[in-house]
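I opened this entry to look up aromatic contacts, strand pairing and one pocket. The structure I worked from comes first, and my notes follow it.

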Amino acid sequence: MEEKKTCNCGCEHEDCNCEHEDCSCENVVEFFDENGKSIKCALIETVDYKGKTYAAFEMVDEVEDEEADTVYIYEVVDNEDGETSDLVPVEDEALLDEVFEELCNLLEAEEEEIEADEQNSL
């Protein structure tokens, strides 16, 4: 899938810097499947696993022929300039499963931490 950053604040400008309160431009990526169909996804979390960084995304809007709870995982590969990165598809199914499990563990730990903080603030 090809990557293109867009804004979900409603302005639809590529690489938006509109600074709307609801704007989350840096967390929304537009992917295109092999048929050219657009899929807008929001960053769930980044995961460091076995010395590499992976980014996990979920769909922002429902897309025909895609399950609503689909998670897309890409390896984050830094470019030579050191300032930008590319999202590279992970082809190894076993590795995808491992990274997904690590993501689930990370999200569960974050949720438990939030719950503990809420309990302590009561």
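Before reading any burial value I wrote down the cut-off, by which a residue counts as buried under 20% relative accessible area. The model is a predicted one, and I kept that in mind for every entry below.

**Entry 1: burial.** I looked up F31 and found a relative accessible area of 1%, so F31 is buried. I then checked Y74, which stands at 6% relative accessibility and therefore also counts as buried. F57, too, is buried.

**Entry 2: aromatic pairs.** How many aromatic pairs does the structure hold? I noted four aromatic pairs, and I followed two that involve F31. For F31 and F57 I read 5.4 Å between the ring centres and 80° between the planes, and because planes over 60 degrees apart count as edge-to-face, I entered the pair as such. This pair links distant parts of the chain, since I located F31 in strand β2 (residues 28-32) and F57 in strand β4 (residues 52-59), 26 residues apart.

For F31 and Y74, I asked whether the rings are stacked or edge-to-face. The centres are 4.9 Å apart and the planes make an angle of 10°, and I entered this pair as stacked. Here again distant parts of the chain are linked, with F31 in strand β2 and Y74 in strand β5, 43 residues apart. Lastly I recorded that F31, F57, Y72 and Y74 make up one aromatic cluster.

**Entry 3: strand pairing.** I turned next to the strands that carry these rings. β4 pairs with strand β3 (residues 38-49) in the antiparallel sense, over eight bridges, and I noted E58 in β4 as the bridge partner of A42. Two residues lie between the strands in the hairpin of β3 and β4, where I found K50 with a positive phi near 50°. β4 also pairs with β5 in the antiparallel sense, over six bridges, and there I found A56 opposite I73 of β5.

**Entry 4: the second largest pocket.** I read about 210 Å³ of space for the second largest pocket. Which residues are the closest to its centre? Of the 11 lining residues, they are V71, Y72, I73, V90 and L96. The elements that give two or more residues to the lining are β5 (71-78) and α1 (93-120). I sorted the lining by type and counted nine nonpolar residues, two charged and no polar ones. I also marked Y72 as a residue that appears in two of my entries, as a member of the aromatic cluster and among the residues closest to the centre of this pocket.

Terms used:
Residues are numbered from 1 along each chain as its sequence is written. This is a predicted model: local features need pLDDT of at least 70, side-chain atom pairs count only at pLDDT 80 or more; totals for chains, interfaces and linings use all residues. Side-chain values use heavy atoms; hydrogens and water are left out. On a 1 Å grid over the protein atoms alone, a cavity is a set of points where a 1.4 Å probe fits but cannot get out, and a pocket is an open set with protein on both sides within 12 Å along at least five of seven lines; lining residues have an atom within 4 Å of a point. Grid points are joined across faces, edges and corners, and a volume is the space filled by probe spheres set on the points. Helices (H or I, at least four residues) and strands (E, at least two) are DSSP runs, numbered from the N terminus. Ala, Val, Leu, Ile, Met, Phe, Trp, Tyr, Cys and Pro count as nonpolar, Asp, Glu, Lys and Arg as charged, and the others, Gly among them, as polar. Rings of Phe, Tyr and Trp (its six-membered ring) pair if their centres lie within 6.5 Å; planes under 30 degrees apart count as stacked, over 60 as edge-to-face and the rest as tilted. Buried means under 20% relative accessible area, exposed over 50%, partly exposed in between (1.4 Å probe, protein chains only). Two strands pair if DSSP finds at least two bridges between them.
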